[in-house]
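Colleague: Please take a close look at the aromatic pairs in this model. Then go over the surface patches.

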Amino acid sequence: MQVEGEKFMLRALKLARKFNPSPNPRVGAVVVKDGEIVGEGAHEFFGGPHAEINALKQAGELARGATLFVSLEPCSHSSKKTPPCVPAIIQAGIKKVVCAVKDANPSVNGESELKQAGILVEFGVCETGAVRLNEKFFKFVSTRLPFVTLKCAESLDGKTSCNSGDSKWITCEKSRAFARKLRAEHDAVLVGVETILKDDPQLTVRIKNKKNPTRVVLDSCLRVPLDAKVFEEGKVVIATTPRHDSEKKKQLEEKGVNVVVCKENEDGKVDVRDLLKRLGELEVSSVLVEGGSEVNASFIQALAVDTFVFFIAPKLIGGRNAKSAVGGNGIDKMSEAKELEITRVKRMGSDLLVEAVAKK
């Protein structure tokens, strides 16, 4: 049985999903009067009008006395880019605001200001979907650390490449296209320098009207070639350690590359936790990890992964020397295994898409 107003909130969520205005949240809004939608909108791009403003503009005078359904609590503070939404809602004559979820940003206090103006405020309609939609934003705004997605493509027997290192292609085209969409939904995509040396990827999305993420490369000693394709377009961050080559660092910076010197972990590699803190300071709110087995292991060992996305192809590769999805030192007892909770399983062409989170 559908909760009253749920269909309008579902419409707001659908509008929100069309755009990614990161580091701002995805928000959709619908103005409803006498049971009919008279205005709708979404926050389409960072720096652009918020969803509520777009919906109110479309509704015009019909907004007076209407109900506003919005997927996130309206903002009451000005940012560098946009004015607050609450005054516009009050001025438009909205009588009731239905929000899916409260904003995790402590500077937002839209509920209080709306109520002071005599506007009814209600929360909780489609809350679960709204939280999932903005899980990256909620983590970043509350911790200042990027939301981390670890993506991996493997065969049915858990291999990510053959003995020779060949890995093109394990998964089908539909899976690879979905993986490119994943890149577009994150602020940054991260790989290790071995991936650059072996495959020389561009790490772009190759999707019309979608911006390329910042490329982040883990490179403890700055072995990345100066002519690597990753430098051809867009922002690049090279994460290194104090053991880096200072002359190479200077050459990279002359190319416009942001070289971030991080702490070392116990293995002498880039400390993942320190890197994530520094990326947060650069306003990177989400990271898609597309590294090899050692990079995957470093993020897992650091307990830095928020969600896992595995593409599993119906192929058997075998081989003692063939790489598996997670390297590192591994464990000695099954009781030490990191347990995950599967949140989604879906057919992706001939492959399986499995999403999971760490058990709490």
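Modeller: The aromatic pairs come first, then the patches. This is a predicted model: local features need pLDDT of at least 70, side-chain atom pairs count only at pLDDT 80 or more, and totals for chains, interfaces and linings use all residues. Residues are numbered from 1 along each chain as its sequence is written, and side-chain values use heavy atoms, without hydrogens and water.

Rings of Phe, Tyr and Trp (its six-membered ring) pair if their centres lie within 6.5 Å; planes under 30 degrees apart are stacked, over 60 edge-to-face, the rest tilted. The count by this rule is three aromatic pairs. Phe-8 and Phe-69 have ring centres 5.3 Å apart and planes at 40°, so this pair is tilted. Phe-8 sits in helix 1 (residues 6-17) and Phe-69 in strand 3 (residues 67-70), 61 residues apart. Helices (H or I, at least four residues) and strands (E, at least two) are DSSP runs, numbered from the N terminus. Both Phe-8 and Phe-69 are buried. Buried means under 20% relative accessible area, exposed over 50%, partly exposed in between (1.4 Å probe, protein chains only).

Phe-178 and Phe-311 form an edge-to-face pair, because their planes are at 70°, with centres 6.0 Å apart. Phe-178 lies in helix 7 (residues 173-184) and Phe-311 in strand 12 (residues 307-313), so the pair ties together parts 133 residues apart in sequence. Phe-311 is buried, at 2% relative accessibility.

Now the surface. Patch residues have over 30% relative accessible area and no salt bridge; like charges are joined within 9 Å, nonpolar side chains (Val, Leu, Ile, Met, Phe, Trp, Tyr) within 5 Å. A salt bridge puts a side-chain nitrogen of Lys or Arg within 4 Å of a carboxyl oxygen of Asp or Glu. Lys-174, Lys-181, Lys-210 and Lys-346 form a positive patch. Lys-174 is in helix 7. Ile-342, Val-345 and Leu-352 make a nonpolar patch of about 270 Å². Ile-342, in strand 13 (residues 340-348), is exposed at 56% relative accessible area.

Key: Accessible areas come from the Shrake-Rupley method with a 1.4 Å probe; for residues, only the protein chains shown count as cover. Lys and Arg count as positive and Asp and Glu as negative; His and the chain ends are not counted. The place of a charge is taken as NZ of Lys, CZ of Arg, CG of Asp or CD of Glu.
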